[in-house]
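Subject: Structure for you to look at

Hi,

Here is the structure I promised to pass on, with my notes on its pockets and cores underneath. I hope they help you find your way around.

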Amino acid sequence: MKRLCLLALVSCSSLPPAPRGEKTSVPCNQVLTPAGVQIEFPGRPTDVAFSPDGKTLAVLGHKTLSILDAAGTVRQRLETRGPQGFSFCGIRFHEGKIYASNLSGRIDVLEPDGDKWKFGTPIVLTEKPSGPGGFAFDGGKLYVVVNMRNELWEVELESKKVLRKMAVGVAPY
C-alpha cells in the first residue's frame, strides 16, 4: 500500500511551530493549519526528493541538506561545500546516490556510508558560480539547467564531462 505524504515547506524562521490544528499566519500572509509532524529546518528549504523505496527524504536548503526517515526524524544534516551554497532547486536520488545542485558551479554527489551519507566526487560544471538548478537523468546522462547562462547542459555521468550546451532562453530552472 502506498503512503501519501504531503510536505509543506515554509520559510518562517522567526515563528515557533504552531500547535497541531491551530491556525497560524506566516509573513507572506498565508494561513496554515498544521497537521502531522512539524520539522524545523535551518534556513529555507527549497526542494525535496524521496528515495525510490520511499524510506528516505532529502531536503535541500541554501546552506544545509537534511536527510530524514519516513517517520520524519532528521537523521543527518550536511553543510554545503562551497561559498555559494546549494541551489534554489535540484535534488534527486539516482542509482543509490543523492545528487544536489550547488551554486558554486557543480552538482554535489552524496554516497551512502553505513546509515549516514558522505560527499563523494562532485560533477564540476564550471569553476565560476553558474546557478545550476533542476536536472534530470536519462540513462548514463544528466541534463542540468544552468540558470545564469540560460542553457541546458548534457553531462555524461561516467566521465562527469559536459558533452554539450544548449541555449534555452531566459532563466531556466
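Which element gives the largest share of the lining of the second largest pocket? That is β5, with three residues. Do keep in mind that this is a predicted model.

The pocket itself holds about 180 Å³ of space. Its lining is made up of T56, I67, L68, D69, R75, Q76, G114, D115, K116 and W117. Besides β5 (64–69), the elements that contribute two or more residues to this lining are β6 (74–79) and β10 (116–119). If you are thinking about its chemistry, the lining divides into four charged, three polar and three nonpolar residues.

Now for the cores. In soluble globular proteins, nonpolar side chains tend to be buried together. Here the largest nonpolar core has 14 residues, and L65, I91 and I98 are the ones that touch the most other members. Two or more residues each come from β4 (56–61), β5, β7 (86–94), β8 (97–102) and β10, and β7 gives the most, with three.

L65 is a good place to start browsing. Setting aside neighbours within four places in sequence, L65 is in contact with A58, V59, L60, Q76, R77, L78, F86, I91, I98, A100 and L110. Q76 thus turns up twice in these notes, as a contact of L65 and in the lining of the second largest pocket.

Apart from the largest core lies another one, of 12 residues, including I123, L142, V146 and L157.

Happy browsing, and best wishes!

Technical notes:
Residues are numbered from 1 along each chain as its sequence is written. This is a predicted model: local features need pLDDT of at least 70, side-chain atom pairs count only at pLDDT 80 or more; totals for chains, interfaces and linings use all residues. Side-chain values use heavy atoms; hydrogens and water are left out. On a 1 Å grid over the protein atoms alone, a cavity is a set of points where a 1.4 Å probe fits but cannot get out, and a pocket is an open set with protein on both sides within 12 Å along at least five of seven lines; lining residues have an atom within 4 Å of a point. Grid points are joined across faces, edges and corners, and a volume is the space filled by probe spheres set on the points. Helices (H or I, at least four residues) and strands (E, at least two) are DSSP runs, numbered from the N terminus. Ala, Val, Leu, Ile, Met, Phe, Trp, Tyr, Cys and Pro count as nonpolar, Asp, Glu, Lys and Arg as charged, and the others, Gly among them, as polar. A nonpolar core is a set of buried Ala, Val, Leu, Ile, Met, Phe, Trp, Tyr and Cys residues joined through side-chain atoms within 4.5 Å. Buried means under 20% relative accessible area, exposed over 50%, partly exposed in between (1.4 Å probe, protein chains only). Contact means heavy atoms within 4.5 Å.
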